[in-house]
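Me: I would like a close look at a single part of this model, set within the fold as a whole. Please take the general layout before the detail.

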Amino acid sequence: LIAEFPYAAAVVDDVLGSLAGRTNIYLNPTVLLGAPGSGKTRFIRRLAEELGAPYGLISCGGLSDSAIGGTPRRWSSGEPSLPVMVVRQYESAGPVIILDEIEKIGIGRNNGNVHDVLMGLFEPETSRRWHDPYLEAQCDLSHVSWLMTANSLEPIPVALRDRCRILRFPTPGADQLPTLAPRILE
C-alpha cells in the first residue's frame, strides 16, 4: 500500500496498526477525509484487497431512505439490510463495506434516514443484535467493518461522526506523479 500511496504512509500505518494482535480483520468505523481526487476510494478498495477481505462498495450519492437497514417483507420491494446481503454474498461474517462519499447522503426523513440506520450499525451493542426487518430475526453484524470516504464532514451529523474514527487523507503532490501515473493510466 505504501508503494501505491507513498503520500499516505501515515494513514497506512494508522489503519494497519489497529489490526495488530487481532486474529481476524475488523476495523472500527472509519472515515477517510480528503480532497476530491486524492485517491481515498481506491485506497480503501486496495486496502480490502490486500487484506484479503471481501468488500462491497456503495456510492452514497442519492441514498436518501433507510432501506440500507432492510425493508419488511410485507412490501413488494422488501429486502434484507445491506450488511446482511454482503455477509450472505461473500459467506463471511466480517466483510468490509465501503460507503463512498458519505457526505452526499440525503438528509430528508421521508421513508427514514440513512444516517439514523448507520448509527445503529456502527454501535457494537446494537450491531451485535441487529433486527433485520426482512428476515424478522436478530443478526450479529458486529464483525462488519465500515470504511467511508468524505470530501467534507459538515453534512455528516455529529452523532454519526462521533461513532467514527476520522483520518485525514493527504493529497498527492507533483513529486508523486511518477509513482501515480502508471496506476492512473491503468
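How many helices and strands does the protein have, and which residues of helix α4 are buried?

Reply: The model is a predicted one, and in it the protein has seven helices and seven strands. Read from the N terminus, these elements follow the order α-β-α-β-α-β-α-α-β-β-β-α-β-α. The C-alpha trace spans about 55 × 35 × 30 Å along its principal axes, and the radius of gyration is 17 Å, which agrees with the value near 16 Å that a compact globule of 186 residues would have. Of those 186 residues, 42% are buried. Among the contacts with a separation of 6 or more, 75% join residues that are 24 or more positions apart. The accessible surface comes to about 9,500 Å², and carbon and sulfur atoms hold 53% of that area. As for charge, there are 17 positive and 21 negative side chains, with the centres of the two sets lying 2 Å apart.

Now to the part you asked about. Helix α4 covers residues 114-122, and because eight of its nine residues are buried, this helix is largely enclosed by the rest of the structure. The buried residues are Val-114, His-115, Val-117, Leu-118, Met-119, Gly-120, Leu-121 and Phe-122. Their packing partners are drawn from several parts of the chain: the buried residues of α4 pack against the helices α3 (82-90), α5 (124-128) and α6 (158-161), and also against the strands β3 (96-100), β4 (130-132) and β6.

One of those partners, strand β6, comprises residues 145-150 and includes Ser-145. The relative accessibility of Ser-145 is 0%, so this residue counts as buried. Once neighbours within four places in sequence are set aside, Ser-145 is in contact with Ile-25, Tyr-26 and Leu-27, and likewise with Pro-95, Val-96 and Ile-97. Val-96 and Ile-97 fall within the range of β3, 96-100, another strand against which the buried residues of α4 pack.

The loop between β2 (55-59) and α3 leads up to a further partner of α4, and Cys-60 lies in this loop. With a relative accessibility of 0%, Cys-60 counts as buried. Leaving out residues up to four places away in sequence, Cys-60 touches Leu-99, Asp-100, Glu-101, Ile-102, Lys-104 and Ile-105. The C-alpha atoms of Cys-60 and Thr-149 are 9.7 Å apart in space, although 89 residues separate the two in sequence.

Cys-60 also raises the matter of cysteine pairing. A disulfide is a covalent bond between the sulfur atoms of two cysteines. The closest cysteine sulfur to that of Cys-60 belongs to Cys-164 and is 11 Å away, which is too far for a bond, and a search of the whole structure finds zero disulfides. Another cysteine, Cys-139, has a relative accessible area of 14% and is therefore buried.

The loop between β2 and α3 also holds Trp-75, whose setting contrasts with that of Cys-60: Trp-75 counts as exposed because its relative accessibility is 52%, whereas Cys-60 counts as buried. The C-alpha atoms of Trp-75 and Gly-17 are separated by 44 Å, with these positions 58 residues apart along the chain.

To return to the helix itself, α4 is largely enclosed, with eight of its nine residues buried, and the elements that its buried residues pack against include both helices and strands.

Note on methods: Residues are numbered from 1 along each chain as its sequence is written. This is a predicted model: local features need pLDDT of at least 70, side-chain atom pairs count only at pLDDT 80 or more; totals for chains, interfaces and linings use all residues. Side-chain values use heavy atoms; hydrogens and water are left out. Helices (H or I, at least four residues) and strands (E, at least two) are DSSP runs, numbered from the N terminus. The radius of gyration is taken over C-alpha atoms; the globule rule is 2.2 Å times the number of residues to the power 0.38. Buried means under 20% relative accessible area, exposed over 50%, partly exposed in between (1.4 Å probe, protein chains only). Contact means heavy atoms within 4.5 Å. Accessible areas come from the Shrake-Rupley method with a 1.4 Å probe; for residues, only the protein chains shown count as cover. Lys and Arg count as positive and Asp and Glu as negative; His and the chain ends are not counted. The place of a charge is taken as NZ of Lys, CZ of Arg, CG of Asp or CD of Glu. A disulfide is a pair of cysteine sulfur atoms within 2.5 Å.
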